[in-house]
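Grab a pencil and work through these exercises with the structure open next to you. Each task comes with a worked solution.

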Amino acid sequence: MPKIPVKVRNFKVLANGDKEEPVRLEALVKAAIAVGRAKEDITKYGADSKWEKLGRVAAIRAGLYVHNDRFCRTDLYRNESKTDMGNRTYAIGNAVCAVLADYFLRTPWLLSLDVYEKKLKPTYAKAGKRPDYLGKSANRRWFVFESKGRTNAPSADDWKEWKEQSSAV
């Protein structure tokens, strides 16, 4: 089974460390379909919702394949324009965020803060950038997630900025 390298840093409920988390390609596809939407809203817009799901699945399947227990970028993904690669990386990053939220924190559904802000009524610590997702775990604890799609390793400044962003709620 392919593995995703995970670096946990200053996440209050998880011990710091590096590990490799086994993740099935099918789990990424499922996460891509669901991330950001409440269960009841996945088909809310009829045919348009179906097209959206198809696009999310296509972003994963056309971008990744499995080789030697690793997710690898397809030739298409490696040779896309920067804009197309950015869109694909965004979709893959969101799916990875959702899968790891479920695996590590038992938080199976992440809701887009932009879409569900009125329903969730979050309190913001400060003005500025906001995180992407909120999710409630099986233990009924809320978690905040900032999703990033990357094709290279983040810098220390990136980590700091992302932590600040996820602390805004």
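**Exercise 1.** Count the positive and negative side chains of the chain and find how far apart the centres of the two sets lie.

*Solution.* Start with the rules: Lys and Arg are positive, Asp and Glu negative, while His and the chain ends stay out. Each charge is placed at NZ of Lys, CZ of Arg, CG of Asp or CD of Glu. That gives 33 positive and 21 negative side chains, with centres 4 Å apart.

A note on the model: it is predicted, so local features need pLDDT of at least 70 and side-chain atom pairs pLDDT 80 or more, while totals for chains, interfaces and linings use all residues. Numbering starts from 1 along each chain as its sequence is written, and side-chain values use heavy atoms, without hydrogens and water.

**Exercise 2.** Work out which elements supply the largest nonpolar core.

*Solution.* First, the core: buried (under 20% relative accessible area, 1.4 Å probe, protein chains only) Ala, Val, Leu, Ile, Met, Phe, Trp, Tyr and Cys residues, joined through side-chain atoms within 4.5 Å. The largest one has 28 residues, and Leu28, Ile60, Leu64, Phe71, Leu110 and Phe145 have the most contacts inside it. Next, the suppliers: S1 (3–8), H1 (25–34), H4 (82–105) and S7 (142–145) each bring at least two residues. H4 gives the largest share, ten residues. Helices (H or I, at least four residues) and strands (E, at least two) are DSSP runs numbered from the N terminus.

**Exercise 3.** List some of the residues that Phe71 touches, skipping those up to four places away in sequence.

*Solution.* Contact means heavy atoms within 4.5 Å. Among the partners of Phe71 are Pro2, Ile4, Val23, Leu28 and Leu64.

Definitions and conventions
Buried means under 20% relative accessible area, exposed over 50%, partly exposed in between (1.4 Å probe, protein chains only).
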